[in-house]
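Subject: Structure handover

Hello,

I am passing on the structure below, followed by notes on what was found in it. Please read the notes with the structure open.

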Amino acid sequence: NCSDKPTEPVFNNYSVSFNQVWNDFDLNYSYFVHKNIDWQNIKSKYEPYLKKETTYGYFLYILKNMLSELRDYHVSLITKDGSYVPVYSEPAPKNYNYSNQYFTKYFPNGVAYTTNRNIAYGTVTDSIGYILINSWQRDYQTDINELNGILETYKDYKALIIDVRSNTGGSETLAQQVAGRFTTETKIYAYHQFRNGPQHTDFTEMQSRSFSPKGSWQFTKPVAVLIGNVCMSSNESFIMMMDVLSNVITIGDTTRGSSGNPKEFMLWDGTGYLIPRWIAYKPDQTILEDTGIFPDIPIESSGSIINNSDKVLERAIEELNY
């Protein structure tokens, strides 16, 4: 914990490390202009707190506070012993509650889980399948294999619900593999620009990202994707993939709006820090950061879950149960 009182001996030259961190962000961070951040002023604000003789714990404390000014969920510190230290967080209202009572209420035949319990699936009503994906895990081959098997079960169903409300991201490659089961043609779903020069306005040309059909067949019947404020990062990429398909509707609340493609940088002592390096754009080329993805059918998170009643899921069933 960065705020714990340090007990180790002092080191006299953390100012050099402080300046390296500040400079690395100055040269690589992508959202200074978008977030209207005066990085030089922030340096002037925090550098005086770094006394000539200080401790590692206090040094991390200063860095954490300085970097929190970026208001960026993809900025993190990594201590020299390998512990991740998030520097910014704002609570996101949840619009889901996956309790046993919840599953019992909506799934008469229960739900099953994949081997690593990352995916739950079942049938809600009248040949409507349901798949809950908790994370786009980086070690994903098991998920892909088992998810393909689940889709075989639902091949003749009239509609599907994909629930990613609890999903905060992971591997965009995995998300592309899954979204590819729902498209019959290559689709552009997002754009980005990488920071590439000393000025805060230096970026590459706009580059597109696309996904393509996967598997021996594609599910092209109606699909409802359940989303909410917790959704961010690579999960927002998945939602954008699904959102460009004509047979898909999104239901729930606006997503978080956070995508940075961060790169790890490191100090001489092994202390690391993650710096977001791109600006992510939605399919209409508006910036994703801090705005998120708006659902086709909006349902505010507040009051959407009451006594195991799920207004978002119920609306999806209503829309698909034609």
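**The sheet around β7**

Strand β7, residues 187-194, and β8 form an antiparallel pair over five bridges. Two strands count as paired if DSSP finds at least two bridges between them. Strands (E, at least two residues) and helices (H or I, at least four residues) are DSSP runs, numbered from the N terminus.

This is a predicted model, in which local features need pLDDT of at least 70 and side-chain atom pairs count only at pLDDT 80 or more, while totals for chains, interfaces and linings use all residues. Residues are numbered from 1 along each chain as its sequence is written, and side-chain values use heavy atoms, with hydrogens and water left out.

Within the pairing of β7 with β8, Ala-190 is opposite Arg-209, and Tyr-191 is opposite Ser-208. Tyr-191 also has a bridge partner in β13, namely Tyr-281. β7 and β13 are likewise antiparallel, over four bridges.

Together these strands make an open sheet of three, in the order β8-β7-β13. β8 (207-211) and β13 (278-281) are the edge strands with a single partner each, so one side of each has no neighbour in the sheet. On average, neighbouring strands of this sheet are turned by 30 degrees against each other, direction ignored.

**What covers the sheet**

Six of the eight residues of β7 are buried, so to speak of the strand as mostly covered is fair. Buried means under 20% relative accessible area, exposed over 50%, and partly exposed in between (1.4 Å probe, protein chains only).

Helix α6 (residues 172-179) lies across β7 and β8, at about 50 degrees to β8. Helix α7 (residues 234-243) lies across β7, β8 and β13, at about 140 degrees to β7. Axes here are lines fitted to C-alpha atoms, for helices over the stretch in contact (heavy atoms within 4.5 Å); angles run from 0 to 180 degrees between N-to-C directions.

**Nonpolar cores**

A nonpolar core is a set of buried Ala, Val, Leu, Ile, Met, Phe, Trp, Tyr and Cys residues joined through side-chain atoms within 4.5 Å. The largest one has 73 residues, of which Phe-25, Trp-39, Met-66 and Phe-182 touch the most other members. Helix α3 (residues 56-68) gives the largest share of this core, seven residues.

Leaving out residues up to four places away in sequence, Met-66 touches Phe-18, Val-21, Trp-22, Trp-39, Ile-42 and Tyr-46. A second, separate core has 21 residues, among them Tyr-106, Ala-120, Ile-161 and Leu-226.

Regards
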